[in-house]
Amino acid sequence: MSPLRVQGLVKRFGDRVVLDAVDIEVSGGEVVAVVGESGSGKSTLLNLVAGLEPADAGTVFIDGVEVGLFDDDQRTMLRRKSIGFVFQAFHLLPYLDAAANVALPLELLGWDRAARDARVMAMLMAVGLGSRARSRLQDLSGGEQQRIAVARALAHRPRLVLADEPTGNLDARSAMEVLELMLAETRAVGAGALLVTHSMPAARRCDRIVQLVDGRAQAAQ
Amino acid sequence: MVVRRQRNDGVRPVAVTDRSAWGWIGAGIRGVWGWLAAGMRLLRLACLDLVAWRGAKMRLAVAIGVLALGVGLGLAIERVNAVAVAEFEAGMSTLSGEADLSVRGPRSGFDDTLLARLVSRPGVAAASPVVEGSRNDLASGVAVSFQGVDALRAVAVQPALVPRAADADDRLANLRTDAIFVGPRLLERLERQVGDRIELLDVAGRMRSLEIVGLLSGVPALAGVAVVDIATAQVLEGMEGRLSRIDLRAQPGVSPAQLRTALAAVLPSGVQADTPDAHASTEAQVSRAYRANLSVLALVALFCGSLLVFSAQALQVARRRSQFAVLRALGLKRRELLAQQVLQSALIGAVGAALGLALAYGLAALALLVLGGDLGAGFFRGVAPEITFDLPSSLSYFGAGVGASIAGAFLPSLEAARTPPARGLRPGGLEQAWQPLGRIWPGLLLLILSGASLAVPPRDGLPVGGYLAIACLLLGTVALTPRFLKLFVFALVHVTRAWRSSAVIKLALAQLRGAPTGPAVSLAAIVAAVSLAVAMMLMVNSFRVSFEAWLLHILPAEAYLGEGGLRLSVAEQQRIAALRSVGRVEFMRIDEVRLNAGRPPVTVLARDIDPVDPGARLPLVARASEDVAVEGAPLFGDSPVAKAWVSESVAEIEQLSPGQLVDIPLGGHPVRFRIDGIWRDYGRQQGAIVIARSAYVAATGDSVVSNAALWLAPGARFADLRAGLRWLGSRAPLRETGEIRRFSLAIFDRTFAVTWALVAVAVTIGLAALAGNLAALVLARRRELSVLRHLGLRLGDVSWMIALQALVIVTAALATGLCAGSLIGLILVEVVNRQSFHWSMEMHAPWGSLLALTGTMCLLAMVTGYLGGRGVARAEVVRAASEDW
């Protein structure tokens with residue numbers, strides 16, 4: 001069962017049609033890049049997929065479950081269990097250290113302490129920050145913070161990772177490192193990923209590219 | 001002429017190379033113009049920047065409202081006090097007319113032969129004797145305060161007391177013993193007209209009918225009093241052959257001081273000469289401490305307003321950190337940013353202060369209407385002042401409002417200006433921005449200063465040290481609040497670690513532990529308001545409980561006889577004692593004596609008392625260790641001295657302690673007493689001395705009494721007692737003890753009505769600050785909450801997390817406020833009260849009220865937190881984290 005299937009998704013803001021019958025499917029272990037001009041509806045697509053705002057028409061299936069049939073609490077639980085997020089501005093919680101940030105989704109899922117600690121350490125090792133587990137965020141560079149964010153997004157083994165410009169705030173070298181890491185880890189947990197980006201080099205590293213033009217999704221070369 | 005400009009950017013003065021006068025003038029004009037231009041630019045910037053408050057309208061409105069309340073309350077109380085004291089003093093001065101000196105003695109008066117001796121002294125141009133008194137009108141029950149004057153003598157000294165009769169033909173009206181002149185306000189209260197008659201009972205219970213022959217018009221200070229012939233006044237008061245005062249005019253070239261020195265030798269003991277103004281201010285002094293305390297309490301709201309501005313500005317600065325950094329990067333200088341923010345606070349303060357001025361005059365008029373000129377304390381009976389606009393005091397309170405706002409905003413503004421633009425432009429780091437406000441040493445220093453201030457002695461009877469200690473303690477506590485919160489959260493984290501607590505609880509505590517300064521900064525006003533409310537509740541409750549206990553001790557009998565100017569002769573005393581319904585009776589004579597010139601008179605209570613066991617009647621707080629005195633007379637020469645028990649006020653003001661000897665002027669002679677003990681007296685602020693009635697009679701020869709305490713005989717009822725005393729008529733009201741207690745407690749509550757109103761204001765400010773600041777804190781965390789929603793925290797989880805955090809924050813604030821408030825309450829009871837009123841009392845916590853206060857605040861915190869969290873975490877706001885997508 002594919003982690004994400006979007007069918008005929010429509011979203012309007014007033015008279016303006018932002019997404020017009022968008023169809024996308026992401027298989028397990030597949031990373032799909034979404035590209036498009038500013039205002040083409042990339043962010044709206046992520047919001048609709050995550051169940052953060054309602055669609056005007058169409059359906060979103062995550063791991064075979066139709067999101068649109070859920071109420072707010074059920075959508076939240078779906079995000080908690082099945083989705084991992086990576087933001088452009090990292091959005092780590094400043095009052096938690098690196099390990100506690102990674103552990104947060106596991107805490108919410110009620111993992112016991114031993115399993116949680118082991119998973120957190122494994123994720124930190126995987127992103128190359130095993131020695132910085134107790135570091136405060138202000139002591140970490142932008143690249144390191146985004147690695148922590150990737151570890152947090154994948155710690156609970158989600159079925160789907162939603163990443164929006166995960167390399168937008170990083171220099172070219174860090175960007176490529178983080179991207180490679182994210183692709184590798186996503187594939188390692190067997191999750192599907194939808195990656196919104198402006199960067200064509202980054203998009204080309206993904207398995208497939210979808211371009212949003214006038215609200216419609218087109219396969220890009 | 002060459003004037004060289006040196007980098008004149010509108011702020012720096014120009015350098016002058018041309019030393020001619022024109023050169024200096026030109027440079028001066030340019031310099032002033034430069035400063036003006038810079039000022040205008042800053043003002044423009046400050047006004048433009050005000051738009052930034054759009055997102056914090058509620059907080060701004062609450063801060064402005066509280067500033068207005070502070071200015072309004074402070075100025076209203078100042079105005080009421082000022083006009084009441086002014087009218088009281090004007091009234092006293094008017095009564096003495098053109099007198100240079102007033103000779104006054106004890107309440108029972110002094111021998112009228114003194115008049116002849118004074119008139120014959122060199123330096124005296126004219127003398128006018130006066131008998132003061134007050135009797136109730138039989139028909140209306142209204143108290144008629146009167147001045148009995150000798151019209152022929154008064155013309156030369158107090159012409160205002162010799163008015164013309166309404167009937168122009170009645171030229172001798174001022175000398176008629178059945179005539180009375182009445183002030184217009186008193187006439188209105190009596191509901192009579194000129195030509196009507198009023199009936200007054202004299203001290204012997206005989207009815208005296210007086211015709212209202214004229215009005216005391218044209219002199220506002222006399223509007224509430226009456227004037228009668230001196231002989232009439234003496235009969236009414238039972239003061240035949242005695243006078244209350246003699247007003248004197250000095251001969252040209254003789255100063256009041258010279259005249260006083262010249263008269264000192266002929267004045268009997270306990271009779272003193274003073275200028276009318278000095279006497280008026282001495283009388284007004286009695287209420288000074290009460291007025292000062294009330295004014296200080298009124299400033300509480302202003303102080304809280306200042307802290308609210310501080311919180312609002314601190315939150316604003318933290319929120320706009322990056323905006324300030326951009327402004328600095330674009331070229332706004334550090335001091336310009338500081339000036340802009342301070343100027344903005346001044347504008348906010350000006351709006352609050354202007355509203356406060358309008359509020360003040362409305363509140364003052366309302367307070368006069370509801371509570372009277374003494375704000376319920378009973379100091380200025382008969383005074384009915386009107387509120388007038390006063391520019392200097394209005395301007396000073398306006399300045400105080402603006403100053404409070406600037407003081408509140410200064411630290412956060414300074415921090416905003418000091419932050420390097422590079423740091424300000426970096427995302428996050430809010431806690432870092434607040435860190436300087438969480439330093440520990442200013443708070444510790446203030447607490448040390450607070451302790452040291454307690455050693456400062458009172459100045460002019462005002463507890464300056466106590467006020468200073470309270471201010472430092474309050475500021476120190478506010479400064480240390482971030483530390484207290486950090487400690488509290490640290491303890492909670494460790495306690496909850498042992499439990500298997502949910503992720504929501506862990507997350508809530510982790511957030512507070514990681515970023516405690518922001519919430520603590522926003523708690524400043526809440527902590528201050530709670531501290532002050534707790535302190536005032538503690539003080540008033542301690543006083544009330546102690547007052548109730550005092551009433552129980554001081555009123556042991558079942559009924560009391562006597563009110564106003566009752567006089568009971570020996571025969572009447574015997575008749576009362578012989579009544580079948582009376583099991584036991586103790587008589588008391590009340591008099592007033594002056595122990596020292598320039599100080600208000602002290603009450604002498606000459607009563608039947610067991611000198612071996614005075615504690616049975618008096619609530620003693622100290623007693624002489626050895627018992628050497630012998631009760632009763634004789635009292636002169638080398639004979640054994642009688643005992644006296646002085647109230648705490650007398651002991652402190654006159655520096656007396658048990659075992660010491662004191663001379664009390666009685667019957668025109670100094671009579672020596674040994675102080676056997678000090679007792680607590682909440683009834684007479686200027687002090688009281690209890691002596692045995694036998695000693696009073698021996699010294700004065702006057703065995704008339706003014707009060708009687710009555711115990712019922714076995715089987716007798718109160719109705720039997722009332723029936724047995726019917727022969728006394730209405731001149732001696734009989735009251736049950738329970739009724740007196742209820743009445744006294746009602747007066748107590750009326751006196752503290754304003755204090756309770758101020759407590760209510762402090763609590764309201766606390767609640768408003770709580771709601772406003774919690775909402776602001778939640779809004780400031782919008783993005784963080786959004787991330788948590790992305791990670792799978794349900795709406796309910798977020799709401800409960802914020803509610804829990806609000807509860808933790810407010811519990812810490814309440815704990816801090818309760819501790820600080822208890823200490824402030826202790827200072828109020830042990831330092832401020834003792835130094836202001838010389839009263840001691842036991843501490844009694846108002847547990848019920850405290851529980852209600854803490855419960856309300858906790859509940860409000862949770863509700864505000866829950867609703868705030870719910871509002872912010874709603875689905876559409878979840879997008880906050882995606883704002884940079």
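**Figure 1. Chain A of this predicted model combines seven helices with 10 strands.** Let us start with the make-up of chain A, where the secondary structure comprises seven helices and 10 strands. Chain A has 221 residues, and 56% of them count as buried. If you like to think in contact maps, take the contacts in chain A with a separation of 6 or more: 72% of these join residues 24 or more positions apart. The accessible surface of chain A amounts to about 8900 Å². Carbon and sulfur atoms hold 48% of that surface.

**Figure 2. Chain B meets chain A across an interface that buries about 2600 Å².** On one side, 26 residues of chain B take part, in contact with 25 residues of chain A. Of the area buried between chain B and chain A, 63% lies on carbon and sulfur atoms. Four residue pairs are in polar contact between the chains, both residues of each pair being at pLDDT 80 or more. Where does the side of chain B that touches chain A come from? Helices α17 (503-514), α26 (782-791) and α27 (795-837) of chain B each supply at least two of its residues. The largest share belongs to α26(B), with seven residues. By residue type, this side of chain B divides into 13 nonpolar, five polar and eight charged residues.

**Figure 3. Lys506(B) and Glu107(A) form a salt bridge between the chains.** Zooming in on the charged groups, the count between chain B and chain A is two salt bridges. One of them joins the side chains of Lys506(B) and Glu107(A), with an N to O distance of 3.7 Å.

**Figure 4. Asp676(B) is a buried residue in a strand of chain B.** The strand is β18, which covers residues 669-679 of chain B. Why does Asp676(B) count as buried? Its relative accessibility is 1%, and the cut-off for buried is under 20%, so Asp676(B) falls in that class. The side chain of Asp676(B) makes a polar contact with the side chain of Arg623(B) at 2.9 Å. Leaving aside residues up to four places away in sequence, Asp676(B) touches a set of residues that includes Pro611(B), Pro614(B), Ala622(B), Ala624(B), Lys643(B), Trp645(B) and Pro658(B). Arg623(B) and Ala644(B) are also among the residues touched by Asp676(B).

**Figure 5. Ser393(B) sits buried in a helix of chain B.** The helix is α12 of chain B, running over residues 391-418. Ser393(B) has a relative accessible area of 7%, and it therefore counts as buried, the limit being under 20%. Which residues does Ser393(B) touch, not counting those up to four places away in sequence? They are Leu75(B), Glu78(B) and Arg79(B).

**Figure 6. Ala21(A) and Glu191(B) have a positive phi although neither is a glycine.** As background for this view, most residues other than glycine have a negative phi. For Ala21(A), phi is about 55°. Ala21(A) belongs to strand β2 of chain A, residues 16-26, and is partly exposed with a relative accessible area of 34%. For Glu191(B), phi is likewise about 55°. Glu191(B) is placed in the loop between α5 (184-190) and β6 (197-201) of chain B. Is Glu191(B) buried or exposed? With a relative accessible area of 71%, Glu191(B) is exposed, because the cut-off for that class is over 50%.

Note on methods: Residues are numbered from 1 along each chain as its sequence is written. Chains are lettered from A and ligands numbered from 1 in the order in which they are written. This is a predicted model: local features need pLDDT of at least 70, side-chain atom pairs count only at pLDDT 80 or more; totals for chains, interfaces and linings use all residues. Side-chain values use heavy atoms; hydrogens and water are left out. Contact means heavy atoms within 4.5 Å. Buried area is the accessible area (1.4 Å probe) that two parts lose on being put together, summed over both. A salt bridge is a side-chain nitrogen of Lys or Arg within 4 Å of a carboxyl oxygen of Asp or Glu. A polar contact is a pair of N or O atoms within 3.5 Å; within protein, one must be able to donate a hydrogen and the other to accept it, and residues adjacent in sequence count only if both atoms are side-chain atoms. Helices (H or I, at least four residues) and strands (E, at least two) are DSSP runs, numbered from the N terminus. Ala, Val, Leu, Ile, Met, Phe, Trp, Tyr, Cys and Pro count as nonpolar, Asp, Glu, Lys and Arg as charged, and the others, Gly among them, as polar. Buried means under 20% relative accessible area, exposed over 50%, partly exposed in between (1.4 Å probe, protein chains only). Accessible areas come from the Shrake-Rupley method with a 1.4 Å probe; for residues, only the protein chains shown count as cover.
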